[in-house]
Structures are given as C-alpha cells and as structure tokens.
Amino acid sequence: MPLRRIHPAGTAFSEWTAPDGWRLRRMDWRQPGDGPARGSLIFAGGRGDFIEKYLEAYGHWHDAGWNVTAFDWRGQGRSQSGEPARGSFSFDPMVDDLDALIRDWSSGTPGPHVALGHSMGGHLLLRTLIERKPSLDAAILIAPMIRVNSAPLPEPLAPFITDTMCLVGWRDVPVWKTPPGGPAAGSARNRILTSCADRYADELWWWEREPGFNLGGVSWGWLRAAYRSAAAFAPERLGQVELPVLILGTDRDRLVSAEAIRAVAARLPNATLHMYPTAGHEILRETDPVRLDAFARIDAFLAGHAP
C-alpha cells in the first residue's frame, strides 16, 4: 500500500482547541526519537481537504529533516464538531484558528518555522500574514485562492450574483452540479485537480473509508464569504508583508484566478513566483515531473530563506 494511504509510523494525532472552543484534529510527525530537526513546518490544506490527502508531501519534508504538522480546518475532515461544514459563512474564524495555532505550534517546536498553504489554505495563510504578522521565517502559497475563478460568470458581477443568491435564500444551495462523470477517476473533476489518476484515486479511497471527508460542492454562502474575504488583499496591505513568500500557481487553474495570483506576487515586497503552464490545481499531487519540480523549488527556497 502506498504511503499516500497509510498513517506513517511516528505520526501522532491529537485535538487542538481553538480560541472559541472548536476542536480541530491535528497531526504531528516529528523526527525519530524527537531528535534534531531541520526545523518545523505546518501545512494548511484547501477547502474540502483533510490531513491524509497530503501524506506523500509530508513524507518528503519529513525525510528532509523537518518536523511536520498538519490539521483539519473547522468543518472539514474530523474537525466537524459543532456546526455543520456549510454553517460557516465568514472566513474570519479560520483566520483566528490559524493565527492561534501558529502561535501555539511555534512556541513548542524548534525553528526555523515555515507555513505552507494550499488553495483556501493559501488564502487564509496570506490573510494571517497581513493581519496578524505571525512569527515565521518563510511562507509558501501553493495555488492560493486569492480570488475564485468565477468563469463562466463575469468576474466583476460574480460578488453581486453571490450576494443576490444568498438574499433569495440559496445560501446553502451548491453553486454547481457535480462535474460530468461525478468524482470518479478520469472525470472532469479529476482533470481539473490533477492529471495523475493514481493520486486522484487516493482521495476517493479515503472517502470510502471516511464518508464525512467528502464535503461535496461549495455553497453560495461559502462563495460569498470567499469574495468578501478577498477584500483583505488590497495593494497597500500586501505591501506591508515583509516575510519571504514563495508562490506556485498554474495558468490553467479552473478553480482559482491565475491573474489574481500574478497580481499578488507583484505586490508582495519579497515574493518569488513560478507558474506552471499545464498543471492541475493540486500541484503537489500532480504527475512526478510537476510534483518533483515543485518540491525542488520549495526546498531551494527554504534553503535560502529558512536556513
């Protein structure tokens, strides 16, 4: 069985309590015997992700000497105590969660300290950098959801449309139907996320064993919250983020705006950007030529900015 479908030896799962009492599932994978570590790395996944989806990526960083921490966002994975997943219509509580978790994590782990965020996790990590200025040595945003790719809706009209749909009572209604072929391997969803059928199938494998991991499509309420949260990325606020930031994106991303990623990278004072021309949204779960190139770029960035 591949590493992607097992909990590696040495991983420890626990509950971390957010400031408002919400319990989030957390995984820590320290170096064997709590021996010397290259540093400490925390990973924030995207909307609908769960810890197990990126086990292979954690393995790469753990093999490189990092202590690795990951968690399930509130309403996702096994952090679904309290309100249902669709009940959160502001991203603000998740910014509070990430800020508090980074503070707790960094106080109890050896430096340097690095945070990585994918998709929605990248959005929330960037907001945390802007609004809370956490004690980190470097940050990495992977296909960050600066703005949702609104196609086929015209981008200037999309926030107005989401507001309207919520006002007429569609807040909990999914925005779009399941892509043709459903979630199965080889489907349109498969092609949007990754061109690697095997890694795509890993998510379905976990869904079969943990049906609650599958959140389904986003609602109009969630989409409205995403557009409202994006107001945090004003040029003058981005210009105040001095932390070294590596951004990896893809020009053919169907889920997030490649144009917005490029604009943010240009406004961050200490950002490095690389855009893949043909990769799917889940760059770290792509075929090996893309995935390994991404890890090489991350490793080189960390060597320079988190020695």
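Which strands does helix H1 lie across? The legends below take this predicted model view by view.

**View 1. Helix H1 lies across four strands of the sheet: E2, E3, E4 and E5.** H1 covers residues 55–63. Strand E2 spans 23–29, and strand E5 spans 113–118. The helix runs at about 155° to E4. Of the 9 residues of H1, 7 are buried, so the helix is largely enclosed by the rest of the structure. These buried residues are Leu-55, Glu-56, Ala-57, Tyr-58, Gly-59, Trp-61 and His-62. What covers them? The cover includes E2, E3, E4 and E5. It also includes helix H6 (197–209) and helix H10. After H1 comes Gly-65, with a positive phi near 105°.

**View 2. Eight strands build an open sheet.** Read across the sheet, the order is E1-E2-E4-E3-E5-E6-E7-E8. The pairing is mixed. Which strands form the edges? They are E1 (11–17) and E8 (271–276), each of which pairs on one side only. From one strand to the next, the twist averages 20°.

**View 3. Strands E1 and E2 form a hairpin.** The two strands run antiparallel, and 7 bridges join them. Look for Phe-13, which stands opposite Met-27 in E2. Between the strands lie 5 residues. Gly-21 sits in this turn and has a positive phi of about 95°.

**View 4. Strands E3 and E4 run parallel.** E3 holds residues 39–44, and E4 holds residues 66–71. How many bridges join E3 to E4? There are 5. One pair to find is Ile-42 and its bridge partner in E4, Thr-69.

**View 5. Arg-26 and Asp-28 meet in a salt bridge.** Their side chains come to 2.8 Å, N to O. Are these two residues buried or exposed? Both Arg-26 and Asp-28 are buried. Across the model, the count comes to 30 salt bridges.

**View 6. Asp-49 and Lys-53 form another salt bridge.** Here too the N to O distance is given: 2.8 Å between the side chains. Asp-49 counts as buried because its relative accessibility is 6%, under the 20% cut-off. Lys-53 is also buried, with a relative accessible area of 9%.

**View 7. Helix H10 carries a salt bridge between Arg-291 and Asp-288.** The side chains meet at 2.9 Å, N to O. H10 spans residues 288–305. The two partners are 3 residues apart, about one turn of the helix. An α-helix has 3.6 residues a turn, so residues three or four places apart point the same way. The partners differ in burial: Arg-291 counts as buried at 9% relative accessibility, whereas Asp-288 is partly exposed at 33%. Which residues join this pair in one network of salt bridges that share partners? Arg-4, Arg-5, Glu-56, Arg-199 and Asp-202 belong to it, along with Asp-288 and Arg-291. Glu-56 has already appeared, as one of the buried residues of H1.

**View 8. Thr-162 is buried in helix H4.** The helix spans residues 158–167. Thr-162 has a relative accessible area of 0%. A polar atom of its side chain lies 2.7 Å from the backbone oxygen of Pro-159. Which residues does Thr-162 touch, leaving out those up to four places away in sequence? They are Trp-220, Leu-223, Arg-224 and Tyr-227.

**View 9. Two cysteines, Cys-166 and Cys-196, are buried.** Cys-166 has a relative accessible area of 11%. For Cys-196 the value is 10%. How many disulfides does the model have? The count comes to 0.

**View 10. Asp-96 reaches Arg-132 from helix H2.** H2 covers residues 92–107. A polar contact of 2.6 Å joins the side chains of Asp-96 and Arg-132. Is Asp-96 buried or partly exposed? At 33% relative accessibility, Asp-96 counts as partly exposed. Phe-50 lies 46 residues from Asp-96 in sequence. In space the two are 19 Å apart, C-alpha to C-alpha.

How values were computed:
Residues are numbered from 1 along each chain as its sequence is written. This is a predicted model: local features need pLDDT of at least 70, side-chain atom pairs count only at pLDDT 80 or more; totals for chains, interfaces and linings use all residues. Side-chain values use heavy atoms; hydrogens and water are left out. Two strands pair if DSSP finds at least two bridges between them. Axes are lines fitted to C-alpha atoms, for helices over the stretch in contact, and angles run from 0 to 180 degrees between N-to-C directions. Contact means heavy atoms within 4.5 Å. A disulfide is a pair of cysteine sulfur atoms within 2.5 Å. Buried means under 20% relative accessible area, exposed over 50%, partly exposed in between (1.4 Å probe, protein chains only). A polar contact is a pair of N or O atoms within 3.5 Å; within protein, one must be able to donate a hydrogen and the other to accept it, and residues adjacent in sequence count only if both atoms are side-chain atoms. A salt bridge is a side-chain nitrogen of Lys or Arg within 4 Å of a carboxyl oxygen of Asp or Glu.
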